[in-house]
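Let's take a walk through this structure, starting with one chain and working outwards to how the chains fit together. Have the sequence at hand as you go.

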Amino acid sequence: MEKTLEELASLVEGELQGDPQLRIAGVAGLEEARSNEISFAVGPKYLRKVKQSKAGALIVPPKLSDIARPLIVSENPYLAFVKILKLFAPRPRPSLGVSAGAHLGANVKLGDEVAIYPQVYVGDDSVLGDRVILHAGAYVGSGVVIGNDTVIYPNVTVLDHCIIGKGVIIHSGTVVGSDGFGFAQDGNNHVKVPQVGIVQIDDDVEIGANCTIDRATMGKTWIQRGAKIDNLVQVAHNVVVGENSIIIAQVGISGSTKLGKNVILAGQVGIIGHVELGDNVRVGAQSGVGKSIPAGQIVSGSPAIAHRDWLKNCQILSRLPELRKKIMKMEKRLAELEQEKDS
Amino acid sequence: MEKTLEELASLVEGELQGDPQLRIAGVAGLEEARSNEISFAVGPKYLRKVKQSKAGALIVPPKLSDIARPLIVSENPYLAFVKILKLFAPRPRPSLGVSAGAHLGANVKLGDEVAIYPQVYVGDDSVLGDRVILHAGAYVGSGVVIGNDTVIYPNVTVLDHCIIGKGVIIHSGTVVGSDGFGFAQDGNNHVKVPQVGIVQIDDDVEIGANCTIDRATMGKTWIQRGAKIDNLVQVAHNVVVGENSIIIAQVGISGSTKLGKNVILAGQVGIIGHVELGDNVRVGAQSGVGKSIPAGQIVSGSPAIAHRDWLKNCQILSRLPELRKKIMKMEKRLAELEQEKDS
Amino acid sequence: MEKTLEELASLVEGELQGDPQLRIAGVAGLEEARSNEISFAVGPKYLRKVKQSKAGALIVPPKLSDIARPLIVSENPYLAFVKILKLFAPRPRPSLGVSAGAHLGANVKLGDEVAIYPQVYVGDDSVLGDRVILHAGAYVGSGVVIGNDTVIYPNVTVLDHCIIGKGVIIHSGTVVGSDGFGFAQDGNNHVKVPQVGIVQIDDDVEIGANCTIDRATMGKTWIQRGAKIDNLVQVAHNVVVGENSIIIAQVGISGSTKLGKNVILAGQVGIIGHVELGDNVRVGAQSGVGKSIPAGQIVSGSPAIAHRDWLKNCQILSRLPELRKKIMKMEKRLAELEQEKDS
């Protein structure tokens, strides 16, 4: 496939500079791009790489629009780049129907143009929307509902009665709807609390590989519209992840905790159960959050404190031995003064 | 299904207050319960929610027995609630036999009333007890023994020669019997140490989703009776997890470490290899344990110290910048005193 | 199978002491070994266990060569032990061909003596080398290349176009080639960045269970020759893991970070994106690395500092309450001196 620079500029609503008929055959990073490919730079710090790049054209922000090359000038070069990347590298959409080697239970309802690969299991009474893709080895339990255009990758497990919206992507190995971790004490014994709730995943959510999203004890564990979850993340029973929140790899969120909209949790963060993080809260990597955080705050550390204070603490901590020496020396000086006074 | 309040009180051995013939059709939380459902409150702090609840009846502790509603009074309302929840929400037990799409190796022994779903693999010489359920996509290797009433969820992997007890639950995506991580050095090369041991999981253990329980180098990795393990937990080769221990999500336990009975490890804890944690040890979330801990101790922090000391440290740490300022000021005052003395 | 002590000494190029014709039937640890088995001790601290051991023969280092038992004296007793363990406990190599229940796509090229179990899926145009083993439930996408002697365990997922070298081992539940976590902002919306790169895994790499190795945005995520990765490790898009590096369980490495050769990351470490760790860098357990680390350095802590400084800090931290008291007392003494001076 080839596109003209003019076509690409039009696609991303950018301003064209240079030959509109220049033919572009692909996209690549500045260092890898060849003369028939387009690349991008988000700001001046990439100027050296731009100069060395063999790319046939560049997407740049307005402040780099004086580069003497074929350009698409865009307010958001990265987004423009992503749109062009999507154009050149579509993931193949198989028109497969239901493969011979797949198992479909009783009363399964299928939308139009589904693709169900071999070795898929779908339990009774489940409903799959139009253009749903279930890759080989995916497991969908009974009474599950999956919306249009959702893609379930190989070896994903979606257990009974969970509800998955439209345009959702669930990557390989992830488990949706495993039992929440709940036990009542009967003397020394842990008595399992039946987990009779579900998981609800709203439209446009993406969940990475090998995550675990537990079903609710009662009610639902709820991943709201547009939330994006990286790999190996643990979401416990009855958690709510708010709209457009971003959760980086290996985060753990304990039971019944609620995240607002646009929350960002960096990698390996842990959140205690039964707390609320307000809209736009941001939590630094490896932090441990032990209480609710009001909207808009940025916290770090374990236990987490205001990010600004945490930065200060880190600095002091790195000089702690020095500080300790200073205290020891002061004590000596103090003792000398006291002795002198006494004598 | 409906039950009378009298039948429910009898089931949980609680004391009935109100109409014994009141009909209950289900269970729910205080906020969700409808007039034909029963709910529960564990203590006075839920009184406000109790007042607002539409529940037809409540399970309460003796100190709340004066609430003017149909009640079951129980010393352990949560446990009573769990028993009633189990009654109303049993997970279906399929009477399935061996599905057409399952693979059974040679010399596999099956107990009575097993349910083996399509796309299950069972290797040669394995032995499955009565009422064992293997959900679709589960893998059971060769020479594996699984006790009565054990449930293996979809996409679980149990590798060769592992031994699993009765009434065990293993959730989706968990791997039992992967190779332990062991290498001998041969100059610059890491030479794989064959992992020829097994994993033994005793009765009534529950293991969450996407956990990894490595087989022993020699001998066995051993999860003892009644231990409960949450999601994404790593148990390395030759580890012993003692009876009734509780391990929360994303914990990692390094090789050959031994946990006693009733140990509790909170989320994201890491334990070094070759140490022992005595009975009833408790470790706070995200802690890092680098040495053995005597029975009964509570530790926190990374590296972990006595929990009480850790709490103090956290307080001081949160005021570290303030403390540093104080030291700086004191140094100045000290210098002034010294100068004065000299002059 | 039985071997003479002479044969074993020859295999490991060790020095024989005692009856060359002594027959050995197996290997075991010092405590478990029986009189027809061989065990090993790496140093004097095992002397007590050696005395109590029932082992018929021992592998020991030169400094223990005066033990009055049948011995193989070796400079590297552990390596010698591993070689003998391999001899006695080979993992069965099935000569299986392609099982009836496996799905092979179009144009798949198979090497000699492959073993493809039931319920394996291989997509179109993939190439499998000689003696490749794909265990039941393994998923191999389209256009994947797998080198000779590589073993893919049950329920592993290898997605489209990834390249896997010779002699690689990938344990159950691991996902290779899931999408990297990348989004461009379009106002409030997160627009998915197509992940069009691959994962390349070089020869002799071993990857544990339930790991996630994301494919590159463009180009490749690259695990280099001989690297060994434990369970539940997250490797983000475009990461490079250098030759012979060792990564312990539950580590997370963020996007585009590069590890040199022989790097060791202990358990639960987190590394930020876009940094470089030089050759032979070592990072202590649970550390958080927020910047590049020059070759050869050892760091610990979160944020990570020089390991030596971290050790000092830990000591001071454990005495922080004490230090704080000292400061309070000094302040009082100082105030007294100042008052006296003024009076």
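Before we count anything, here is what counts: helices (H or I, at least four residues) and strands (E, at least two) are DSSP runs, numbered from the N terminus. By that reckoning, chain A holds five helices and 40 strands. Keep in mind that what you're looking at is a predicted model.

So what outline does chain A have? Its radius of gyration comes to 27 Å, well over the 20 Å that the globule rule gives for 343 residues, so chain A is more spread out than a compact globule. Along the principal axes, the C-alpha atoms of chain A fill a box of roughly 100 × 75 × 30 Å. Even so, 53% of the 343 residues in chain A are buried. Take the contacts in chain A between residues at least 6 apart in sequence, and 19% of them join residues at least 24 apart.

Now zoom in on a few strands. In chain A, β24 (residues 198–201) runs parallel to β27 (residues 220–223), and four bridges join the two. Here Ile198(A) sits opposite Lys220(A) of β27(A). Then β27(A) pairs with β30 (residues 240–241) of chain A, again in the parallel sense, over two bridges. In that pairing, Ile223(A) faces Val241(A) of β30(A). As general background, side chains in a regular strand alternate between the two faces of the sheet.

Next, the inside. In soluble globular proteins, nonpolar side chains tend to be buried together. The largest nonpolar core here has 290 residues, and the members that touch the most others are Val158(A), Val158(B) and Val158(C). Leaving out residues up to four places away in sequence, Val158(C) touches Tyr139(C), Val140(C), Gly141(C), Val144(C), Ile152(C), Ile164(C), Val176(C) and Gly177(C). Apart from the largest core lies another one, of eight residues, including Leu337(A), Met330(C), Leu334(C) and Leu337(C).

How do the chains relate to each other? A turn of 120° with a shift of 0.0 Å along the axis lays chain B on chain A with an RMSD of 0.1 Å. The two copies are therefore related as by a three-fold rotation axis.

Finally, look at where chains B and C meet. Chain B brings 50 residues to this contact and chain C brings 48 residues. On the chain B side, β21, β22, β23, β26, α4 and α5 each supply at least two residues. The largest share of that side, eight residues, comes from α5(B). Sorted by character, the residues on the side of chain B that touches chain C are 21 nonpolar, 21 polar and eight charged.

Technical notes: Residues numbered from 1 in each chain as written. Chains lettered and ligands numbered in written order. Predicted model: local features only at pLDDT ≥ 70, side-chain atom pairs only at ≥ 80, totals over all residues. Contact = placed C-beta atoms within 7 Å. Nonpolar A, V, L, I, M, F, W, Y, C, P; charged D, E, K, R; others polar. Least-squares fit on C-alpha atoms with pLDDT ≥ 70 in both. Pairing = 2+ DSSP bridges. Core = buried A, V, L, I, M, F, W, Y, C linked by C-beta atoms within 7 Å. Buried ≥ 20, exposed ≤ 12 C-beta atoms within 10 Å, placed from the backbone. Rg over C-alpha atoms; globule rule 2.2 N^0.38 Å.
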